[in-house]
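The exercises below concern a nonpolar core and a sheet, and each is followed by a solution that goes step by step. Please keep the structure in view while working through them.

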Amino acid sequence: MLTRRHFLKAMGGLGALGVSTTAYGFSAPVVRLRVVRYNISPPQWPAGLKLRIAAIADLHACDPWMSLDHIQEIVERTNALKPDIVVMLGDYVAGHRKVTRFIPDAEWAAVLAGLKAPLGVHAVLGNHDWWEDKEVQRHGQGLPSAGRALEAAGIPVYENDAKKLSKNGHSFWLAGLGDQLAYMPARRFRPLKRIGVDDLGATLAKITDDAPVVLMAHEPDVARRVPSRVALQLSGHTHGGQVRMLGWSPISPSGQQLAYGHIRMNCDVVVSGGLGCSIMPFRLGVPPEIVLVTLGAARPAVA
């Protein structure tokens, strides 16, 4: 059976041999960096509220593929978009071992602290942020080092939490889900009833009025359970399959429907193609991207 890991290793090998000229992971990521824009007007979203959301997903900080200089460029490009709010969708730590240096959490978090937006910068954690913290995996409790680094840099981390925000007299809720795969490696140490720390019910229970909701969830899988009470779900994790050809990702960890882009389910869902790489430092057909979603825009979605 062809797994995502085996497929990406095979494609990475081809890229290393120079077979593909569009292997983004083997060139400077920032050179290929693009901004993908979505203009969306969910039925739950008030007509008078126009909100620009910049989303950053799957940095996977490491040298040489996602260096501090590359992250600084991403910060500058994001700030130049002048979003109302910035959301970060998890997987800040390296997702593979083909590196020259694992960048300490405090270093990449200090660069991300340069992100600026009137309504702030907000984050959730991803599966690799949990998986790479061996102490948390061993003891089964605590906030991973990546989360502690973000909070030390002044960036709040949402773990099944929600916060009410407002713009021009209009209110909305920003909610953040705990990771759905957080304790997968911990199965080596003890039996587990469930591997995730996500609690969708408890998260939505913190919403106390009928203002619209934007949900951050690292893995898009939860979209199959998200009710129409939510206007927009923003996710990463898939990297667009990390290989995408003619609008199709040969292997996606969340299934083809949720591999990439704008999907309409009970709510609108946007899955970012992300910025870094996991398993192998290799991308084909899905360049690194910053996502800019404009909610309440009159124009249709344009990528």
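Two exercises follow, both on a model that is predicted.

**Exercise 1.** Describe the largest nonpolar core, and state which element gives the most to this core.

*Solution.* Begin with the core itself, which has 39 residues; those with the most contacts inside it are Leu-59, Met-88, Tyr-92, Trp-108, Leu-112 and Leu-150. Next, list the elements that give two or more residues to this core, which are β2 (51–56), α3 (68–80), β4 (85–88), α4 (105–112), β6 (121–123), α5 (127–131), α7 (145–152) and β13 (289–295). Of the elements, α4 gives the most, with 4 residues. Then turn to Trp-108, which, leaving aside its neighbours within four places in sequence, is in contact with Ala-61, Leu-68, Ile-71, Tyr-92, Val-93, Ile-103, Ala-146 and Leu-150. Finally, set apart from the largest core another one of 29 residues, among them Tyr-38, Ile-40, Leu-51 and Val-291.

**Exercise 2.** Give the order of the strands in the open sheet, and explain why one side of β1 and of β6 is left without a neighbour in the sheet.

*Solution.* The open sheet is formed by 5 strands in the order β1-β13-β2-β4-β6, with mixed pairing. Because β1 (34–40) and β6 stand at the edges and each has a single partner strand, one side of each is left without a neighbour in the sheet. From one strand to the next, the twist averages 20°. As a last step, consider β4 and β6, which run parallel and are joined by 3 bridges; Met-88 has Ala-123 as its bridge partner in β6, and Met-88 is also among the residues with the most contacts inside the largest nonpolar core.

Terms used:
Residues are numbered from 1 along each chain as its sequence is written. This is a predicted model: local features need pLDDT of at least 70, side-chain atom pairs count only at pLDDT 80 or more; totals for chains, interfaces and linings use all residues. Side-chain values use heavy atoms; hydrogens and water are left out. A nonpolar core is a set of buried Ala, Val, Leu, Ile, Met, Phe, Trp, Tyr and Cys residues joined through side-chain atoms within 4.5 Å. Buried means under 20% relative accessible area, exposed over 50%, partly exposed in between (1.4 Å probe, protein chains only). Contact means heavy atoms within 4.5 Å. Two strands pair if DSSP finds at least two bridges between them. Axes are lines fitted to C-alpha atoms, for helices over the stretch in contact, and angles run from 0 to 180 degrees between N-to-C directions.
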